[in-house]
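Reader: Hi! I am new to reading protein models, and I would love a close look at one small part of this one. Could you take me through it?

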Amino acid sequence: MESDLGFQAALAEAQKGSDEGGVPIGAALVSADGKVLGQGRNMRVQKGSPTLHGEISALENAGRLRAAMYRGATMYTTLSPCDMCTGACIMYGIKRVVIGENKTFLGGEAYLKQRGIEVIVLQNEKCQELMSEFIKERPGDWNEDIGQD
């Protein structure tokens with residue numbers, strides 16, 4: 001899975017986010033036939049947005065799609081999805097969520113599984129490194145991103 005085009009696109013987005021001074025989380029939505037439909041990164045810092053997480057950015061960049069496109073799709077994300085992004089995956093009926101890592105943050109994986117969505121966690125070292133560095137260097141921005149004080 002780590003060599004998949006979707007995961008590589010998500011990881012590249014996370015790195016771009018890090019390079020821009022943002023939260024280093026990237027995502028890519030990939031169709032059942034392996035085409036990247038949309039990819040994006042957390043842009044909360046860069047755009048001053050309260051909701052532009054990586055998965056939401058990928059969905060936004062995919063544009064309007066027929067419901068069937070989501071049902072066969074995989075969301076690749078470099079970090080375990082928060083409640084908002086978990087909800088978006090459930091709402092659109094995304095079939096599978098592939099997660100780069102969940103050691104620095106554990107999101108709604110159990111709820112995704114409960115709702116019948118396949119969840120795969122890679123524990124990718126690069127994803128862990130990007131997040132660990134960001135959390136250490138910018139704890140205030142991280143806490144804001146996950147709704148903590």
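Which residues does Cys127 touch, not counting residues up to four places away in sequence?

Author: Happy to help! A quick note before we start: this is a predicted model, where local features need pLDDT of at least 70, side-chain atom pairs count only at pLDDT 80 or more, and totals for chains, interfaces and linings use all residues. Residues are numbered from 1 along each chain as its sequence is written, and side-chain values use heavy atoms, with hydrogens and water left out.

Now to your residue. Leaving out residues up to four places away in sequence, Cys127 touches Phe7, Leu11, Thr78, Gly100 and Glu101; contact here means heavy atoms within 4.5 Å. You will find Cys127 in helix α7, which covers residues 125–137. Helices (H or I, at least four residues) are DSSP runs, numbered from the N terminus. Cys127 counts as buried because its relative accessibility is 2%, and buried means under 20% relative accessible area, using a 1.4 Å probe and protein chains only.

Sequence distance can be surprising, too. Cys127 and Gln15 are 112 residues apart in sequence, yet their C-alpha atoms are 9.0 Å apart in space.

As Cys127 is a cysteine, you may wonder about disulfides. A disulfide is a pair of cysteine sulfur atoms within 2.5 Å. For Cys127, the closest cysteine sulfur is in Cys85, 15 Å away, so that is too far for a bond. Cys89 also has Cys85 as its closest partner by sulfur, and at 7.1 Å that is too far for a bond. Like Cys127, Cys89 is buried, with 1% relative accessibility. Searching the whole structure gives 0 disulfides.

Definitions and conventions:
Helix = DSSP H or I, 4+ residues; strand = E, 2+ residues; numbered from the N terminus. Buried < 20%, exposed > 50% of the residue type's maximum accessible area, 1.4 Å probe, protein only.
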